[in-house]
Amino acid sequence: MTITVSEIAAAARGVARVLYGKPVDLVEFRQTLDGHPFAEVKDGVIHHIVRERGRELHHATYDDLDEFMYQVTKDATSSIASD
């Protein structure tokens, strides 16, 4: 199964509606800030990456959208709990 950016974005919008009750960007698709996680899709596989100061700190791959969304949801609920 090939995963696309649009599928990830749609799944993330659904999770955001449940968690926040409004649109929130849970997944970035390019590096925006140092240390902020983002996702890339290459050959149908999701790469979840954290880079800071040009150094890769975290890189996980997911070939299952549900597994990736589990991680995104876990991160989002952790962030909500710490606010």
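Leucine 65 touches Ile3, Glu7, Ile8, Ala11 and Ile46, when residues up to four places away in sequence are left out of the count. In this predicted model, leucine 65 has its place in helix 2, and with a relative accessibility of 16% it counts as buried, because that value falls under the 20% limit for a buried residue. Valine 24, by contrast, is not among the contacts listed for leucine 65; the two residues stand 41 places apart in sequence, and their C-alpha atoms are 19 Å apart in space.

From this residue the reader can move to the pair of helices. Two packed helices are described by the angle between their axes and by the distance between those axes. Here helix 1, which covers residues 5–20, and helix 2, which covers residues 65–82, pack at an angle of about 35 degrees, and their axes are 11 Å apart. The crossing in which helix 1 passes helix 2 is right-handed. On the side of helix 1 the contact is made by Glu7, Ile8, Ala11, Ala12, Val15, Leu19 and Tyr20, while helix 2 contributes Leu65, Phe68, Met69, Thr73, Ala76, Thr77 and Ile80. Sorted by class, the residues of this contact are 11 nonpolar, 2 polar and 1 charged. Leucine 65, with which this account began, is therefore one of the residues that helix 2 brings to the contact, and Glu7, Ile8 and Ala11 of helix 1 appear among the residues that it touches.

The strands offer another buried position. Histidine 47 is found in strand 2, which runs over residues 45–52, and it counts as buried because its relative accessibility is 16%, under the 20% limit. Leaving aside residues up to four places away in sequence, histidine 47 touches Phe38, Ala39, Glu40, Lys42, His59, Ala60 and Thr61. With one of these residues, histidine 59, there is also a polar contact, which joins the two side chains at 2.9 Å.

The loops that join these elements hold residues with other degrees of exposure. Aspartate 43 lies in the loop between strand 1 and strand 2, and with a relative accessible area of 81% it is exposed, since that value is over 50%. Although aspartate 43 is not a glycine, it has a positive phi of about 55 degrees. Arginine 53, placed in the loop between strand 2 and strand 3 (55–62), is likewise not a glycine and has a positive phi of about 55 degrees; its relative accessible area of 73% makes it exposed.

Arginine 53 leads in turn to aspartate 34, which is found in the loop between helix 1 and strand 1. These two residues are 19 residues apart in sequence, yet their C-alpha atoms are 6.4 Å apart in space. Aspartate 34 touches Arg51, Glu52 and Arg53, again not counting residues up to four places away in sequence. With a relative accessible area of 46%, aspartate 34 is partly exposed, because this value lies between the 20% and 50% limits.

How far the predictor trusts these positions is a last point to consider. The chain averages a pLDDT of 91, and 99% of the residues score at least 70. Confidence is lowest in helix 2, where the mean is 92, and highest in strand 1 (residues 38–42), where it is 95.

Key:
Residues are numbered from 1 along each chain as its sequence is written. This is a predicted model: local features need pLDDT of at least 70, side-chain atom pairs count only at pLDDT 80 or more; totals for chains, interfaces and linings use all residues. Side-chain values use heavy atoms; hydrogens and water are left out. Axes are lines fitted to C-alpha atoms, for helices over the stretch in contact, and angles run from 0 to 180 degrees between N-to-C directions. Helices (H or I, at least four residues) and strands (E, at least two) are DSSP runs, numbered from the N terminus. A crossing is left-handed if the near helix is turned anticlockwise from the far one by less than a right angle, and right-handed if clockwise. Contact means heavy atoms within 4.5 Å. Ala, Val, Leu, Ile, Met, Phe, Trp, Tyr, Cys and Pro count as nonpolar, Asp, Glu, Lys and Arg as charged, and the others, Gly among them, as polar. Buried means under 20% relative accessible area, exposed over 50%, partly exposed in between (1.4 Å probe, protein chains only). A polar contact is a pair of N or O atoms within 3.5 Å; within protein, one must be able to donate a hydrogen and the other to accept it, and residues adjacent in sequence count only if both atoms are side-chain atoms. pLDDT is the predictor's confidence in each residue, from 0 to 100.
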